[in-house]
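Dear colleague,

I am passing on the structure below, and my notes on its helix contacts and its cores follow it. Please read them with the model open.

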Amino acid sequence: MELTPLKYFVKLADVLSFTEASKELFITQSTLSLSIKQLEEELGVTLFDRIGKKIYLTDAGRDFLDCSRKAIEEVAYGIQHLKEMQHVYTGKIKIGVIYSLFPLLNICVLKFTKAFPKAELSIVYSHSVLELVELINSNKLDFALSYNPQDVSALTESTEYACMPLCVIVHENHPVAIRKHFSLSDLNEFPVIFLDKELYTRKVIDRMLAQYRIKVKPQIEVNSTPLLLDMLRTGHWISILPQDMTVSSPDLKAVPIKEKTEMMHISLLSLKGKRHSLLTEKFLEVLRQETQEIEEHRVAGGKDSDLFEGKPTGGGA
C-alpha cells in the first residue's frame, strides 16, 4: 500500500468534504474520489458513508484512521531521523502555549532558532488548558507548555517543569502596589475582577479561597486574560493571577499573598507514547534548562528572575 492514498484518506476524514479536501491537497475531486475508491477496494471495506452531499466515516473508517495517522507519522519520523543523523536539522515543530507562559516560550524560541535556523515552528496560543489538551490528544500539536490541570486525559502525558505562586495583580499606581504582602481577607475592600469560572486558573483560585473560607464576589468576570490585564491597567480593579502574568506587563505589579497559596505548576503536555523527533528533543533541552533556572531561582527565594523581565537567563541550546 502506498503512502499517498493514506494521506488523501486522512485529509478527507479530517474535513469530510471532497471539495475542501481536494483543494487542500491540490488535486482534482475526481482524483481524490478515485483514490478513496481504490483504497476501499484494496481494504475490502467501506471507509465513508455517502448520504446525499455529505459523507461520514464508517466504524471501519474510524478504526483505520488511527492506523493511517500512525503510519504517516512513523514514515515522517524516519525521514526526519535520517536527516538529523546527518546533522541536517530541518522540519516543523508544532507547539501549543498558554497565554501567561508565552514569555518563557519566547526566550526558548529565540535560543532554539539561533541554534537551528532551518527549523520551522508553528505556535498555537490558547487561553484554555483544556483546549491545548484536546489539540494534543488529536495529535495536532507535538507538545504544549501549560499549567498542569489536575485531571488530564489518559492519552495525555504531563511532565512538571517549574512552579509559580498566585499573587494579587494590580496596576503600579494602585494603592495595593506599595504593599509587601496582601491578605486574602482584604479582597472585599476593593473592586475585584476574576477570570471566568470555567478556566483552570480560576478553579485553582476558588479552591484556595474556599480553603481559607473567604467569599469573594467579583464585580467582573472575563474569559480572556489579555482583556483582564487591560482592565487592571485602568488602576481600578485588582485580581489574583500567577506571578508570571506580569512578565510582559511592566506597568502591572505582582504582590505576594500573605497566606500560603496554591502553586501553578508549569508543565509540558504531550501525547502519551508519541515519539519526538530529535529536533523536538533539542527544543525540549532548551526548555528544560530555562525552567530549571526559574525553579532554582524561586526556591532560593529571589525576586523576579531575569527571565521574567524578558531577558535570557543564560545557557546555550
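In helix H2, Phe18, Thr19, Ala21, Ser22 and Leu25 are in contact (heavy atoms within 4.5 Å) with Gln29, Leu32, Ser33 and Ile36 of H3, where helices (H or I, at least four residues) and strands (E, at least two) are DSSP runs numbered from the N terminus. The axes of H2 (residues 18-25) and H3 (residues 29-43) come within 9 Å and cross at roughly 105 degrees, which means that H2 is roughly perpendicular to H3; axes are lines fitted to C-alpha atoms, for helices over the stretch in contact, with angles from 0 to 180 degrees between N-to-C directions, and 65 to 115 degrees counts as roughly perpendicular.

This is a predicted model, in which local features need pLDDT of at least 70 and side-chain atom pairs pLDDT 80 or more, while totals for chains, interfaces and linings use all residues. Residues are numbered from 1 along each chain as its sequence is written, and side-chain values use heavy atoms, with hydrogens and water left out.

The largest nonpolar core (buried Ala, Val, Leu, Ile, Met, Phe, Trp, Tyr and Cys joined through side-chain atoms within 4.5 Å; buried is under 20% relative accessible area, 1.4 Å probe, protein chains only) has 57 residues, and Val168, Ile240 and Phe283 have the most contacts inside it. Strand E6 gives the most to this core, with 6 residues.

Leaving aside residues up to four places away in sequence, Phe283 touches Leu105, Cys108, Val109 and Phe112, among others, and these four are also among the buried residues of H5.

Best regards

Terms used. Buried < 20%, exposed > 50% of the residue type's maximum accessible area, 1.4 Å probe, protein only. Parallel < 35°, antiparallel > 145°, perpendicular 65-115°, else oblique.
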